[in-house]
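Visitor: Could you take me through one part of this structure closely? I would like to look at the ligand and its surroundings.

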Amino acid sequence: MSTLKYSDRLNKLPPYLFVEIDRKKKKLLDEGVDIIDLGVGDPDYPTPKHIIAAGKKALQKAENHRYPFGVGLRKLREVIAEWYKQRFNVSLQPDSEIISLLGSKEGIGHIHLGFVNPGDVVLIPEPGYPVYSGATILAGGVSHFMPLVEENDFLPDFGSIPDEVLKKAKLLFINYPNNPTAGVAGKEFFRQVVDVARKYDIIVCHDAAYSEIYYDNKKPVSFLEVEGAKEVGIEFHSLSKTYNMTGWRIGWACGNSDILKGLTKVKENIDSGVFQSIQEAAIAALSGSQDCVEKMRGIYQERRDVLLDGLKSLGWQVKKPAATFYVWIKVPKGYNSIDTSGIILEKACVVTTPGVGFGPSGEGYIRIALTVDKKRIKEAVKRIKKIKW
Ligand SMILES: *Cc1c(COP(=O)(O)O)cnc(C)c1O
């Protein structure tokens, strides 16, 4: 079609930054090279058996073959409320303060359509999950990026955002534990967020996809734990990382009921809810034994320690992540993040993600995902060790 024209909003989406890495990876794979992929943030273990069993059983029931009820089964919302109470000591009303999502990405990508008018500002952390800014562009909004730098513990500095930007801001995205920096936030920071949101009338969207991937028993806190949070924001949660369910597509948003109403209205015009069998699986995941999650944390922690020991022996500067399954690593002096990932791929056949792909402040770093077993991590380090920089 010679006259085919994409919309302005599609044309405004930024170019995909991992083209070159993907091309090199594909070429090596085609050559039959043994690649160790430390790039993808997708758990390598299957979904725990009892969760699959619950989904399977639900699949047999005819009532689950029909359109699901929009915001999710009442039972699922009750189970989420119970889980929240146990985990964070936060009370949520199942009827008005929780909605199910087709994966948290779906809600994170649609919330803009409920609140952002063309020209409105959305505050976005960078480096960060690309959906925050992609969805801003699709909604006609303007992204204002908040750099996350090591000197500030990978927390945004609200004091450095100009007043006129804050006045135009409709949404504020934050994400802790953070992808890709592995930064964590405490209540002190969340209190600051509530203050800013109140002062400037901004809706807070906290992406808590990694709340259960933590180490050394240091449990991350919920944004909703701090006073006033429920008046200004919502929190996005996902079953993807916690229960190795990335392919199932289920998550939820919870918090302020009026904000959730806006998101629900958008969703009513786009989707018809999560397949009920998957909701049944989620009920089993959240209400059943959490031993499987504890076990996964143990596995990631072991991998983390193996990787860090290995990188230390290379003389690399690495901060031990307290949460997430990512390690955010400073590149060798004299190289940028794209060069570093490219060299590691070509010389060691190990895939890493260049930090700059997540935003300009990611320059100088690469991200490694702990989603391969420790034997392979050891092998990757051994290969990287042989590189002459
Ligand atoms: C993986 C991820 C998500 C999305 O998870 P879903 O599978 O859509 O629930 C959201 N935010 C961040 C930062 C992630 O890394």
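Guide: Here is the ligand site, followed by the cavities. Keep in mind that this model is predicted.

Start with the shell. The ligand is surrounded by 13 residues. The closest are Asp-207, Tyr-210, Ser-238, Ser-240 and Lys-241. By class, the shell holds six polar, four charged and three nonpolar residues.

Now look at single contacts. Ser-240 offers a side-chain N or O atom 2.5 Å from an oxygen atom of the ligand. Ser-104 uses its backbone instead: an N or O atom there lies 2.7 Å from a ligand oxygen. Asn-179 has a side-chain N or O atom 2.9 Å from an oxygen atom of the ligand. How much of the ligand does the protein bury? Alone, the ligand exposes 390 Å², and the protein buries 94% of that.

Next, the cavities. Searching the whole structure turns up two cavities of 30 Å³ or more. The largest has a volume of about 50 Å³. Ser-238, one of the closest residues to the ligand, also lines this largest cavity. Other lining residues include Trp-83, Glu-212, His-237 and Trp-252. The lining of the largest cavity counts seven nonpolar, four polar and one charged residues.

The second largest cavity holds about 30 Å³ of space. Among the residues lining it are Tyr-176, Pro-177, Phe-190 and His-206. Its lining has seven nonpolar residues, one polar and no charged ones.

Key. Residues are numbered from 1 along each chain as its sequence is written. This is a predicted model: local features need pLDDT of at least 70, side-chain atom pairs count only at pLDDT 80 or more; totals for chains, interfaces and linings use all residues. Side-chain values use heavy atoms; hydrogens and water are left out. A residue is near a molecule or strand if one of its heavy atoms lies within 4 Å of it. A polar contact is a pair of N or O atoms within 3.5 Å; within protein, one must be able to donate a hydrogen and the other to accept it, and residues adjacent in sequence count only if both atoms are side-chain atoms. Accessible areas come from the Shrake-Rupley method with a 1.4 Å probe; for residues, only the protein chains shown count as cover. Ala, Val, Leu, Ile, Met, Phe, Trp, Tyr, Cys and Pro count as nonpolar, Asp, Glu, Lys and Arg as charged, and the others, Gly among them, as polar. On a 1 Å grid over the protein atoms alone, a cavity is a set of points where a 1.4 Å probe fits but cannot get out, and a pocket is an open set with protein on both sides within 12 Å along at least five of seven lines; lining residues have an atom within 4 Å of a point. Grid points are joined across faces, edges and corners, and a volume is the space filled by probe spheres set on the points.
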